[in-house]
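Got your viewer open? Let's take a walk through this structure, one selection after another.

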Amino acid sequence: MPRAIDLLVREMKSMGVNEIFGIIGGQIMPFFDALYNSGIKVYMFRHEQGAIHAADAYGRVTRKPMTVVVTSGPGATNLVTGLANAMMDSSPLIAITGQVPTIFFGRDAFQETDIVGATMPITKHTFMVKRPEDLVPAYRAAYEIAIDRRPGPVLIDAPRDVQLSETKGEITRDIRIAKKILPEPDPSLISYAIKLLLNAERPVMLVGGGVCWSGATNEVLTLAELLGMPIVTTLLGKNCVPSNHPLVMGTPGMHGRLEADAALINADVVLAVGTRFSDRTVGNFNEFRRGRRIIHIDIDPSEVGKNVKPEVGIVGDAKTVLLAMINLMPKALERSHEAFIRWLRSIKESYEEYRNKVPFSGFAPWRVLKVLREVMPPHAITATGVGSHQMWCELHWDVYVPGTFITSAGLGTMGFGIPAALGAKIARPGAPVLDIDGDGSFQMTMQNLALVREYNLPIIVTIFDNSTLMLVRHWQVMLYSRRIIAVDFNMNPDFMKIAEAYGIDGVRPSNYDELRMVVSRAVRNNEPLIVDVTIDRERDFVLPFVPSGKWLEEAIMPEGFHVDLRYRGD
């Protein structure tokens, strides 16, 4: 008779699972044994955190859950950060953890950890499989749960004796999932929302990551164009609309763009789609709510009213709701918001003019990004680590093709960049993939560069090298009277030797032309590359900056630049 684990692998194969990520260990050995001659390819990462971040990115690119398989104890606990990251950014994945045999439960057996209890708050669902006949049904259910409505991570804990137990023939039973049927959007609420938008003097649309999962990019742009309404985005929402669309103002908030801040400051109606109203986006919840009528569309009812109480809360799929709104719009709209939009664009133009006039020696972070954007194809996928380089990307990286910008937004996980880039490359081998990283973030997961040559995954990594945890240093300067402690690296490794150790070309460019040349060549030849760009930690602060808890109007601007963020009319 077949083992339960053999039936699981057979079921995975029938479901179209051809690849998994993971690291082998004692309690998960039966699973890997069942993979032998199965035709399922194993990408063996060098740390479990790398495997699960890569799975997170894979899910964002393909919209399908990747399966991450690790052992019990430290193998399982090393997934915790990645599970929390996927949960906060709504990424689908399945984690299968080995567990000690059931007879040892509660006896502090070697590498026994209650991973189900540890991960319940940071997963969409967890399964503890205690019967062999439940292993296949648990996987089927996990796959469905991971992608249903708002995506997220699901964990299956599989004791070794359950994996090895023999079962009788095929398993046809299913685990019943208590699914809530998504209601049809309330037509009266949609009508009221349209009325608010049509009567607004300065309507603004706030786009969150839910727009990507709904596939609602076209509907967002169509509705915005009908109303002549500016669009601002969350950090995840940046991935959902093209940055070069004339109505897209970028991201507001702590490290956002001034024109996006100004759009929200002066809005009288905000149409928020697929967002949780993060504190990083709106700054001060009370100020954001004051004087504005909020329309909130979200597929997750728990988000509506959680942070900001809306005037109209519509629970539903973003694409469905926006399409209904478009269909109900009057054929001819009399109201124009062109003067407001021109004013917002003038803020962008004045800041760019100021920025270009400021004398700068060496590499300016924003200009490095402009050079990289010029040489990377529009469809290239860009991942980031977390830190000041990520915030520079929030400000200055243009997304031309929705779905090609991957970052850790909700949890802010340092070390996300390299494994995310690897996961994206596995998901879409034909697309160039760039990781924009910081030296601190890079060092947290750089061991996973071993996969680049082993599995032929040519990614380009650009390191913003300032020998410090720059974003925290920035806050220490701005908020803690320059009391700088525990952020500077006095002994960074030689990143060119790190590149050499993994068989990857490394370049430390001396100017922008050299940067442009080496990255262009790597893209053209489909070769991996590590670029070490020296950044000055004493001056390259990410500005504008809205301190935590402050209102958007309290943005700290670069020295020598000032703009009035209050709209005074034509």
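**Stop one: a lysine on a helix**

Start by selecting Lys319, which is partly exposed, because its relative accessible area is 31% and so falls between the 20% limit for buried and the 50% limit for exposed. Keep in mind as you go that this is a predicted model. Lys319 sits in helix α15, which covers residues 318-328.

Now add Ser214 to your selection. Along the chain Lys319 and Ser214 are 105 residues apart, yet their C-alpha atoms are separated by 5.8 Å. What else does Lys319 meet, leaving aside neighbours within four places in sequence? Its contacts are Ser214, Gly215, Ala216 and Glu219.

**Stop two: into the core**

Next, pick Leu322. Not counting residues up to four places away in sequence, Leu322 touches Ala216, Glu219, Val220, Leu223, Leu271, Val273 and Ile297. Leu322 also belongs to the largest nonpolar core, a set of 69 residues. Select Met205, Leu223, Leu271, Phe288, Leu322 and Met325 together, and you have the residues with the most contacts inside that core. Which helix gives this core its largest share? Light up α16, residues 338-357, which supplies 7 residues.

There is a second, separate core to colour too: it has 53 residues, among them Ala55, Val116, Ala420 and Leu451.

**Stop three: the open sheet**

Switch to a cartoon view and find the open sheet of 6 strands, whose order is β2-β1-β3-β4-β6-β5 with parallel pairing. Select β2 (41-44) and β5 (125-128): these stand at the edges, each with a single partner strand, so one side of each has no neighbour in the sheet. Look at how neighbouring strands are set against each other: on average they are turned by 20°, direction ignored.

Zoom in on β1, residues 19-22. On one side, β1 is joined to β2 by 4 bridges, and the two run parallel. Gly22 stands opposite Met44 in β2. To follow the chain from β1 to β2, trace it through helix α2 (residues 29-35); this β-α-β crossover is right-handed.

β1 also pairs with β3 (residues 66-70), again in the parallel sense, over 2 bridges. Here Gly22 faces Val69, while Phe21 stands opposite Val68. As you click along, remember that side chains in a regular strand alternate between the two faces of the sheet.

Before leaving, show helix α7, residues 135-147. Which strands does α7 lie across? They are β3, β4 (93-99), β5 and β6 (153-159), and α7 runs at about 170° to β6.

**Stop four: a histidine and a covered helix**

Jump to His255, in the loop between β9 (248-250) and α12 (258-266). Is His255 buried or exposed? It counts as buried, because its relative accessibility is 1%, under the 20% cut-off. Show its surroundings: leaving out residues up to four places away in sequence, His255 touches Met391, Glu394, Leu395, Leu471, His474, Trp475, Val542, Pro544 and Phe545.

For a last selection, take helix α18, residues 388-396. How many of its 9 residues are buried? The count is 9 of 9. Among the buried residues of α18 are Met391, Glu394 and Leu395, which you have just met as contacts of His255.

Note on methods. Residues are numbered from 1 along each chain as its sequence is written. This is a predicted model: local features need pLDDT of at least 70, side-chain atom pairs count only at pLDDT 80 or more; totals for chains, interfaces and linings use all residues. Side-chain values use heavy atoms; hydrogens and water are left out. Buried means under 20% relative accessible area, exposed over 50%, partly exposed in between (1.4 Å probe, protein chains only). Contact means heavy atoms within 4.5 Å. Two strands pair if DSSP finds at least two bridges between them. Axes are lines fitted to C-alpha atoms, for helices over the stretch in contact, and angles run from 0 to 180 degrees between N-to-C directions. A nonpolar core is a set of buried Ala, Val, Leu, Ile, Met, Phe, Trp, Tyr and Cys residues joined through side-chain atoms within 4.5 Å. A crossover is right-handed if, with the strands pointing away from the viewer, the path from the first strand over the helix to the second runs clockwise.
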